[in-house]
Amino acid sequence: MNLTVEKVILRTMEKEDRDMFSDLIKDPDTGKITGGYGCPLSYDRQMDWVGPLADSAGGLRRVIADRECPQKALGVIALSDIG
C-alpha cells in the first residue's frame, strides 16, 4: 500500500532503493538521531531491518519519495504503534 499526499508518496521499499538506504545507514548524522549502527551493513542485513516490519500490526516502514518522480527516494520513515 502506498500513501500519497500533495508533494510526496510513502511507498514500499524496492531493490532500486538500495544505494539510498545504504547511504542513510552509513551517514553518521543519521546514526546520531536513530541510534544507528556503528559499522557497515550489507544490503541483506539492511533488508532484514525493513522486511519483517514493513506491514506488521505494530509498524509500517516506507520510502519517502517525490510524488512527481516516485522512483526518486528521499528518505525512509518508520511509523510504530506505541499504544
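This is a short tour of one protein model, stop by stop.

**Before you start.** The model is predicted: local features need pLDDT of at least 70, side-chain atom pairs count only at pLDDT 80 or more, and totals for chains, interfaces and linings use all residues. Residues are numbered from 1 along each chain as its sequence is written, and side-chain values use heavy atoms, with hydrogens and water left out.

**Stop 1: the whole chain.** Show the protein as a cartoon. You should find three helices and five strands, in the order β-β-α-α-α-β-β-β along the sequence. Helices (H or I, at least four residues) and strands (E, at least two) are DSSP runs, numbered from the N terminus. Now switch on the surface. Its accessible area is about 5900 Å², and 54% of that belongs to carbon and sulfur atoms; the areas come from the Shrake-Rupley method with a 1.4 Å probe, and for residues only the protein chains shown count as cover. Of the 83 residues, 27% are buried. Buried means under 20% relative accessible area, exposed over 50%, and partly exposed in between (1.4 Å probe, protein chains only).

**Stop 2: strand β4.** Select residues 59-66, which make up β4. Six of the eight residues in this strand are buried. Next add residues 69-80, strand β5, which runs antiparallel to β4 and is joined to it by eight bridges. Two strands pair if DSSP finds at least two bridges between them. The two form a hairpin with two residues between them. To check the pairing, find G59 and look across to S80 in β5. Then add β2, which is also antiparallel to β4, with four bridges. One place to look is R11, whose bridge partner in β4 is V63.

**Stop 3: D17.** Select D17, in the loop between β2 (8-11) and α1 (18-26). Is D17 buried or exposed? It counts as buried because its relative accessibility is 2%. Show the side chains of D17 and R11: a polar contact of 2.7 Å joins them. A polar contact is a pair of N or O atoms within 3.5 Å; within protein, one must be able to donate a hydrogen and the other to accept it, and residues adjacent in sequence count only if both atoms are side-chain atoms. Beyond four places in sequence, D17 is in contact (heavy atoms within 4.5 Å) with R11, T12, V63, Q71 and A73.

**Stop 4: L24.** Move to L24 in helix α1. L24 is partly exposed, at 26% relative accessible area. Leaving out residues up to four places away, L24 touches T30, G75 and V76. Finish with a distance: the C-alpha atoms of L24 and G75 are 7.7 Å apart, although 51 residues separate them along the chain.
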